[in-house]
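This report describes a two-chain protein model, with attention to the contact between its chains and to its charged side-chain pairs.

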2 protein chains.
Amino acid sequence: MNAPSSLEALIEALRCLPGVGPKSAQRMAYHLLQNERAGAGRLADALQRALGALRHCQRCNTLTEAEVCGRCLSSRRDASQLCVVETPIDMNMMEQTHAYSGLYYVLMGRVSPLDGIGPGELHLERLLARASDGVVREVIIATNFTNEGEATAHYLSEMLKSRGVSVSRIARGVPVGGELEYVDAGTLAQALRERRPLAP
Amino acid sequence: MNAPSSLEALIEALRCLPGVGPKSAQRMAYHLLQNERAGAGRLADALQRALGALRHCQRCNTLTEAEVCGRCLSSRRDASQLCVVETPIDMNMMEQTHAYSGLYYVLMGRVSPLDGIGPGELHLERLLARASDGVVREVIIATNFTNEGEATAHYLSEMLKSRGVSVSRIARGVPVGGELEYVDAGTLAQALRERRPLAP
């Protein structure tokens, strides 16, 4: 009288997706089986191929199919700058600015004690080795400006500075196109504190 | 320099899930590959097993692993009542009321001209055959009270009544525990129009 077992197993398995609870998992399962059988088959294949093919780049830690990703191998990037981001998505966002031509290191996470992720879980010794290769002159920390991202930035900068690596942090402030009326007080306070002298 | 192809394929494949756009698909893909590799493997297996095992029940049209589902085969259900619902989830909701012991017919959708789903796409001739089996005395329409659900109910009742089948619709009204102050005017108007005489 209950739901058949392979359906239950599918609903349970869908819950590994981020933000998917029991209700959405149920809706997804029925939707796939009723309206998206071809898509569901493609999804199963894509999952298996990606799990088999993708690994971490030996240099920047992002997901790639090769030992070292194309970006790290590129001769057109400035190897003296190393930008540290939390995720590959953040790396893509940085690339879309067309304002950076250095290399990256992807943490694949952030320091988050509440989730049991300390510096050890992020394997920061790999970043340290990467930043101390003799070519990198400046590490630009571009973690998020959330509590966890800020804690990560603080930890990283202490760790890197103690090894004599030059460290910077991307700027906080009023967004481009932003109106003071609609900016939160914390951001505005920070923009004031970090004001820059204008050229005369 | 672009995202590797098996990663792109996975992001694209995840978009077959309902309500998942390019941004969430990207987030899901990285989350699975970074933090949920075991879960992703289980999901791939579960999808393939479910696609292979599940089909529509010959009698009630829900998803099942057998020719006819356990509920339709049960001798403890009242075969003279047939409740028509849109989805298996709605059937589960009806079961949770413990107020119904008849059988079901699951439309697996609703009449929705905007999505190109007319009566033909729902294979309503199967419901008609099911309702005209000589055992069913009453068809209870329990489609949603949305525009599409109401249109479906209207179409079904016309179709069934023209064949001499007795049709009813679940009641609209103020929810149990509901306060008039917080009920929308449409619901309250309907509750007034469909008021019931009280026993003296």
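The text below takes up the interface, the domains, the salt bridges and two backbone angles.

This is a predicted model, in which local features need pLDDT of at least 70 and side-chain atom pairs count only at pLDDT 80 or more, whereas totals for chains, interfaces and linings use all residues. Residues are numbered from 1 along each chain as its sequence is written, chains are lettered from A and ligands numbered from 1 in the order in which they are written, and side-chain values use heavy atoms, with hydrogens and water left out.

**Interface**

Chain A and chain B each give 52 residues to their contact, where contact means heavy atoms within 4.5 Å. The two chains bury about 4,800 Å² between them, and 70% of this area lies on carbon and sulfur atoms; buried area is the accessible area (1.4 Å probe) that two parts lose on being put together, summed over both. Eight residue pairs, both residues at pLDDT 80 or more, are in polar contact across the interface of chain A and chain B. A polar contact is a pair of N or O atoms within 3.5 Å; within protein, one must be able to donate a hydrogen and the other to accept it, and residues adjacent in sequence count only if both atoms are side-chain atoms.

On the side of chain A that touches chain B, the elements giving two or more residues are α1 (5-14), α2 (22-35), α3 (37-53), β2 (63-64), α4 (70-73) and α5 (88-96) of chain A. Helices (H or I, at least four residues) and strands (E, at least two) are DSSP runs, numbered from the N terminus. The largest share of this side, 15 residues, comes from α3(A). Its residues divide into 29 nonpolar, 13 polar and 10 charged.

**Domains**

Chain A is divided into domain 1 (9-53) and domain 2 (57-169), with bounds that come from an automatic or database domain assignment. The centres of these two domains of chain A, taken over C-alpha atoms, are separated by 32 Å.

**Salt bridges**

The structure holds 18 salt bridges over all chains, but the count between chain A and chain B is zero. A salt bridge is a side-chain nitrogen of Lys or Arg within 4 Å of a carboxyl oxygen of Asp or Glu. Three of the pairs are listed here.

| Pair | Closest N to O distance |
|---|---|
| A:Glu150 and A:Arg172 | 2.8 Å |
| B:Arg169 and B:Glu150 | 3.0 Å |
| B:Glu194 and B:Arg172 | 3.0 Å |

In chain A, the pair links distant parts of the chain, with A:Glu150 in helix α7 (residues 147-161) and A:Arg172 in the loop between β6 (166-169) and α8 (185-193), 22 residues apart. A:Glu150 is partly exposed at 25% relative accessible area, and A:Arg172 is partly exposed at 32%. Buried means under 20% relative accessible area, exposed over 50%, and partly exposed in between (1.4 Å probe, protein chains only). A network of salt bridges links A:Glu150, A:Arg169, A:Arg172 and A:Glu194.

In chain B, B:Arg169 is partly exposed at 27%, as is B:Glu150 at 26%. B:Glu194 is partly exposed at 34% relative accessibility, and B:Arg172 is partly exposed at 32%.

**Positive phi angles**

B:His98, a residue other than glycine, has a positive phi near 55°. B:His98 lies in the loop between α5 (88-96) and β4 (102-106) of chain B and is exposed, with a relative accessible area of 74%. Phi of B:Met108, also a residue other than glycine, is positive and near 60°. B:Met108 lies in the loop between β4 and α6 (124-131) of chain B and is buried, at 11% relative accessible area.

Definitions and conventions:
Nonpolar A, V, L, I, M, F, W, Y, C, P; charged D, E, K, R; others polar.
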